[in-house]
Amino acid sequence: MAGVVVTYNSAATIGACLRWIGTGGVADEIVVLDNASTDDTASVVGERAKRFSQIRYIRKDVDHGLDGNFDKAVEFARGQFCWLLPDDDIVKPGVVEAVSKVLDEEHPSLVLLNYEFRDFPLTTLLQDRVLDFESDRIYGPWELERMFSELRDFIRY
């Protein structure tokens with residue numbers, strides 16, 4: 001699986017994201033596509049790359065926006081599956097195993113995860129889940145209309 005991280009001016013947050021991916025068993029490779037950052041993002045990624053050899057850092061000179069950056073990052077990835085992450089995300093323990101199980105047993109084309117919002121020190125829960133779903137949902141290929149209706153703005157890239 002490829003961890004695909006898009007970033008822009010994230011020197012303050014990308015280190016934790018890459019540390020989680022590097023130690024969490026998510027990725028055989030980690031593609032970091034920098035969308036023309038003007039801060040110290042490159043040096044933070046470079047320091048993490050010294051510890052995690054699977055990191056490939058690619059810097060774009062032009063800002064392509066979040067969606068365009070994810071498209072490009074997936075093109076660079078070599079894995080069968082891509083785990084798309086913004087530069088300030090980390091994942092709760094056990095999620096990788098749960099997603100891997102779904103991939104092995106269900107063979108989906110897409111897995112979307114609900115998420116919570118926390119402050120930057122990750123100490124205060126701001127919103128417990130973005131989607132108001134009590135349990136997992138599985139959509140068949142014939143249910144795209146229902147999926148897009150229920151997920152609305154959740155599927156952005």
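With a relative accessibility of 4%, N35 is classed as buried, because the buried class covers values under 20%. This assignment, like the others described here, refers to a predicted model. N35 belongs to strand β2, which spans residues 29–35.

The side chain of N35 takes part in polar interactions. A polar contact of 2.7 Å joins the side chain of N35 to the side chain of D63. The side chain of N35 also reaches the backbone oxygen of G65, at 3.4 Å. D63 and G65 both appear among the residues in contact with N35 when neighbours within four places in sequence are set aside. That set further includes T7 and Y8, as well as K60, V62, H64, L66 and N69.

Strand β2 also contributes to the nonpolar interior. The largest nonpolar core contains 17 residues, and the members that touch the most others within it are V5, L18 and V32. At least two residues of this core are supplied by each of α1 (14–23), β2, β4 (82–86) and α4 (95–106). Helix α1 provides the largest share, with five residues.

The surroundings of V32 can be described in further detail. Not counting residues up to four places away in sequence, V32 touches V5, T7, I14, L18 and V45, together with I55, R56, Y57 and I58. T7 is thus found in the contact list of V32 and also in that of N35. A second core, separate from the largest one, comprises nine residues, among them V4, V6, A73 and A77.

Definitions and conventions
Residues are numbered from 1 along each chain as its sequence is written. This is a predicted model: local features need pLDDT of at least 70, side-chain atom pairs count only at pLDDT 80 or more; totals for chains, interfaces and linings use all residues. Side-chain values use heavy atoms; hydrogens and water are left out. Helices (H or I, at least four residues) and strands (E, at least two) are DSSP runs, numbered from the N terminus. Buried means under 20% relative accessible area, exposed over 50%, partly exposed in between (1.4 Å probe, protein chains only). A polar contact is a pair of N or O atoms within 3.5 Å; within protein, one must be able to donate a hydrogen and the other to accept it, and residues adjacent in sequence count only if both atoms are side-chain atoms. Contact means heavy atoms within 4.5 Å. A nonpolar core is a set of buried Ala, Val, Leu, Ile, Met, Phe, Trp, Tyr and Cys residues joined through side-chain atoms within 4.5 Å.
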